[in-house]
Amino acid sequence: KVVTIQRTQEQYVLFQRGTPQPEFNFGNLKGAFITVPIERAAVLSNAYFNYFELLGERRSIVVTTKHDYLNEPCLLKMVGEDGMLDGATNRDLVSNNVFVKNKVNVIFRWSGSRDDELNTHNPAMPPAVRVDTGAETTAAGMMEWIKYVSLFFNREREASRMVTEMKSRYDCIVAYVRPQPRVRVLYSSFSYSSTSSQVRCSFSISAWHKRMIEDVGGEVIGAYPNYLSSGPCNMTAFREQADTADVWLYKSNNFQEGRYGSKIGREIVRA
């Protein structure tokens with residue numbers, strides 16, 4: 001199976017375990033040979049977890065990103081109770097190679113923050129492959145990437161069936177919801193800058209999240225007037241902007257009082 005990521009010109013040749021490595025010329029493309037089906041994976045972006053869950057391959061994940069980023073209960077159980085899930089964030093991947101230690105077959109990359117560290121000349125490092133969901137602008141495009149992940153487990157038939165079903169459900173939801181009254185959506189979250197001791201708010205939204213909201217007739221209202229992403233959040237302006245919305249989609253997992261100390265936490269909750 002020859003797999004090409006068109007946008008980044010990366011190419012992987014997947015060949016069956018127990019068979020000879022085929023002859024293949026990658027030319028000018030960045031390439032790697034990978035035996036399949038893989039058994040032990042590192043999955044370094046929470047955007048990819050659902051693909052493994054849906055394919056029935058949760059237990060193949062042996063290394064993941066920072067455990068604070070996990071919000072799937074079964075993966076949290078694997079960390080907290082089973083001790084089956086190691087983490088890569090904040091590790092020195094040279095002196096403490098978490099991938100080698102856990103006998104990882106394939107690394108499914110981060111979304112970019114530490115990818116350069118995976119481009120190592122260490123011959124023991126397993127191949128690192130890209131899941132290019134960031135290039136997608138539609139929900140249908142995001143769904144298709146489960147087919148890509150399925151190639152590494154020889155699960156193409158199951159993945160194709162799931163994508164067909166998901167697209168059918170999505171189209172049904174859009175057809176039902178779009179004629180309903182328009183919903184104004186505040187898409188935002190808070191974070192804390194320890195260097196400046198400031199609470200900041202973010203209104204950034206991925207292209208495909210925005211497209212999904214618009215598909216069903218929603219409207220993303222955006223940031224408050226004179227918003228500055230690098231400065232402290234204007235809580236008064238934030239509340240005034242929030243008052244014009246019908247629903248708030250909070251895009252992080254830190255929405256609880258006390259996350260940044262009681263005073264700041266209460267201010268966030270009041271907002």
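A salt bridge is a side-chain nitrogen of Lys or Arg within 4 Å of a carboxyl oxygen of Asp or Glu. The views below show parts of a predicted model.

**View 1. Lys-210 and Glu-214 form a salt bridge in helix H6.** The closest N and O atoms of Lys-210 and Glu-214 are 2.5 Å apart. Helix H6 spans residues 207–215, and the two partners lie four residues apart in it, about one turn of the helix. Lys-210 is partly exposed, at 33% relative accessible area, and Glu-214 is partly exposed too, at 34%. Elsewhere, salt bridges with shared partners link Glu-57, Arg-155 and Glu-158 into one network. The whole structure holds 13 salt bridges.

**View 2. Glu-165 and Arg-161 form a salt bridge in helix H5.** Their closest N and O atoms are 3.5 Å apart. The residues are separated by about one helical turn because they sit four residues apart in H5 (residues 156–177). Glu-165 is partly exposed, with 35% relative accessibility, and Arg-161 is partly exposed, with 44%.

**View 3. Glu-53 forms a salt bridge with Arg-58.** Here the closest N and O atoms are 2.9 Å apart. Glu-53 is partly exposed, with a relative accessible area of 23%; Arg-58 is also partly exposed, with 24%.

**View 4. Strand S2 pairs with S1 and with S3.** Four bridges join S1 (residues 2–5) to S2, and these strands run antiparallel. S1 and S2 make a hairpin with four residues between them, and Gln-9 in the turn has a positive phi of about 55°. Seven bridges connect S2 to S3 (residues 30–36), which run parallel. Glu-10 in S2 stands opposite Ile-5 and opposite Lys-30 in S3. Of the seven residues of S2 (residues 10–16), six are buried.

Definitions and conventions:
Residues numbered from 1 in each chain as written. Predicted model: local features only at pLDDT ≥ 70, side-chain atom pairs only at ≥ 80, totals over all residues. Heavy atoms only, no water. Buried < 20%, exposed > 50% of the residue type's maximum accessible area, 1.4 Å probe, protein only. Helix = DSSP H or I, 4+ residues; strand = E, 2+ residues; numbered from the N terminus. Pairing = 2+ DSSP bridges.
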